Amino acid sequence: MLTVYGRPNSSNSAKVFWLLDELGMDYDLILTGRGFGATDTPEFRAMNPFGKVPVLRDDETVVWESNAVLRYLAGRYGPTTLWPHDHAERSILDRWMDWASLSLTPPLTRLRKARSAGRSGDGDLPAVLAAVTAMDELLAGSHFLAGDALSLADIVAAPSVHRWFRLPEAGEGFANLAAYAERLSERPGYRRHIRDALS
C-alpha cells in the first residue's frame with residue numbers, strides 16, 4: 001500500500017493526490033505539514049531531510065519533491081498517457097514541469113503572499129504576467145501544455161493556474177488560458193484536490 005505524507009491545502013501535495021486519482025490508486029494519507037503533523041521529527045527528517053511535504057512511501061522506496069513523486073508514480077504504475085515512454089515526448093513534459101515550477105509558481109506565490117500580508121508593491125506581477133501570457137499564447141494551438149492530452153505537465157501547472165484566476169488581473173484577456181482552466185475542471189481529481197481544496 002502506498003502512503004502519502006501531505007496535507008490537502010498544499011499545492012504540492014494536491015498534485016500527487018490528483019495523479020493518484022488519475023491512476024485509480026488507493027493510498028493511506030498521513031496528514032502532515034503546516035497545521036497538521038510535524039515535519040521536524042527525526043522520523044520524518046529520515047524520509048525527507050528538508051522537512052517538506054509531500055513524501056511518498058512505496059514499500060521500502062521513499063520519494064520526496066512533488067515532481068519527483070509524480071514521475072515515480074507515473075513510471076512505476078504506468079503505462080499512462082500522462083507520462084509517455086518515448087524520451088523525446090517525455091522531454092516536452094519535463095520542460096513544462098520545470099518551467100511551471102521555476103518560472104510560474106515562485107513569482108505567483110510571492111505576489112499572492114505579499115498581497116495577503118497587505119504589503120504594497122507588485123514587484124512580481126510583471127514576471128507573473130509574462131508567464132501567463134506565454135501559456136495563453138501556447139494554448140492557442142493545443143488543448144494542454146504538452147499537446148492535446150492531459151499530462152504531468154498540466155498537473156504540475158494546475159495549482160498555479162487555479163490561483164492565477166483568483167487574482168483581479170486574470171479578468172484581462174487570457175481567453176486561451178481560461179479555456180484551458182475549464183478543460184482542467186472537467187477532471188474529477190482537479191476539482192477535488194485543486195479547485196475545491198486550494199485557496
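Helices and strands are here runs of the DSSP assignment, numbered from the N terminus, where a helix has at least four residues and a strand at least two. In these terms Pro-54 falls in the loop between α2 (42-47) and β3 (55-58), and this loop is a convenient place to enter what is a predicted model. The peptide bond that joins Val-53 to Pro-54 is cis, with omega at about 10°. For comparison, most peptide bonds are trans, and most residues other than glycine have a negative phi.

The second half of that general remark bears on two further loop residues. Glu-65, although not a glycine, has a positive phi of about 75°, and its place is in the loop between β4 (61-64) and α3. Because its relative accessibility is 48%, Glu-65 counts as partly exposed. Phe-174 is also not a glycine and has a positive phi, of about 60°; this residue sits in the loop between α6 and α7. With a relative accessibility of 13%, Phe-174 falls under the 20% limit and therefore counts as buried. A positive phi, near 70°, is found at Gly-24 as well, the residue that follows α1.

From Pro-54 and Glu-65 the path leads to Ser-66, which is placed in helix α3. Ser-66 counts as buried because its relative accessibility is 5%. Once its neighbours within four places in sequence are set aside, Ser-66 is in contact with Asn-12, Lys-15, Val-16 and Pro-54, so that the proline of the cis bond between Val-53 and Pro-54 returns here as a partner. Along the chain, Ser-66 and Tyr-77 are 11 residues apart, and their C-alpha atoms are separated by 16 Å.

Lys-15 and Val-16 in turn belong to the buried residues of α1, a list that also holds Ser-11, Ser-13, Ala-14, Phe-17, Trp-18, Leu-19 and Leu-20. The cover over these buried residues includes β1 (2-6), β2 (27-31), α3, α6, α7 (175-185) and α8 (188-195). The length of α1 can be checked against its residue count: its 13 residues should span 18 Å at 1.5 Å a residue, and because the C-alpha atoms at its ends are 19 Å apart, the two values agree.

In soluble globular proteins, nonpolar side chains tend to be buried together. Here the largest nonpolar core has 52 residues, and within it Leu-152, Leu-177 and Tyr-180 touch the most other members. Two or more residues come to this core from each of β1, α1, α3, α4, α5 (125-138), α6, α7 and α8, and α6 gives the most, with 8 residues. Apart from this core lies another, of 5 residues, among them Tyr-5, Phe-44, Met-47 and Val-53. Leu-152 of the largest core, leaving aside neighbours within four places in sequence, is in contact with Leu-19, Leu-70, Arg-71, Ala-74, Leu-82, Trp-83, Leu-93 and Met-97.

The loop between α3 and α4 holds Asp-86, which counts as partly exposed because its relative accessibility is 38%. Asp-86 and Leu-145 are 59 residues apart in sequence, and the distance from C-alpha to C-alpha is 17 Å.

What remains is the empty space, which can be found by rolling a probe the size of a water molecule over the atoms. The largest pocket contains about 960 Å³ of space. Its lining is made up of 30 residues, of which Arg-7, Ser-10, Ser-11, Asn-12 and Arg-34 lie nearest the centre of the pocket. The elements that give two or more residues to this lining are α1 (11-23), α3 (66-77), α4 and α6, and α4 gives the most, with 8 residues. By class, the pocket lining divides into 7 nonpolar, 15 polar and 8 charged residues.

Enclosed space was searched for as well, and the whole structure has 1 cavity of 30 Å³ or more, with about 30 Å³ of space in the largest cavity. Thr-105, Leu-108, Thr-109, Arg-112, Ser-160 and Arg-163 line this cavity, and the elements that give two or more residues to its lining are α4 (87-116) and α6 (152-164). The most, 4 residues, comes from α4, and by class the cavity lining has 1 nonpolar, 3 polar and 2 charged residues.

Definitions and conventions
Residues numbered from 1 in each chain as written. Predicted model: local features only at pLDDT ≥ 70, side-chain atom pairs only at ≥ 80, totals over all residues. Heavy atoms only, no water. 1 Å grid on protein atoms, 1.4 Å probe; cavity = no way out; pocket = protein on both sides within 12 Å on 5 of 7 lines; lining within 4 Å. Points joined across faces, edges and corners; volume = space filled by probe spheres on them. Nonpolar A, V, L, I, M, F, W, Y, C, P; charged D, E, K, R; others polar. Expected span 1.5 Å × (residues − 1). Buried < 20%, exposed > 50% of the residue type's maximum accessible area, 1.4 Å probe, protein only. Contact = heavy atoms within 4.5 Å. Core = buried A, V, L, I, M, F, W, Y, C linked by side-chain atoms within 4.5 Å.
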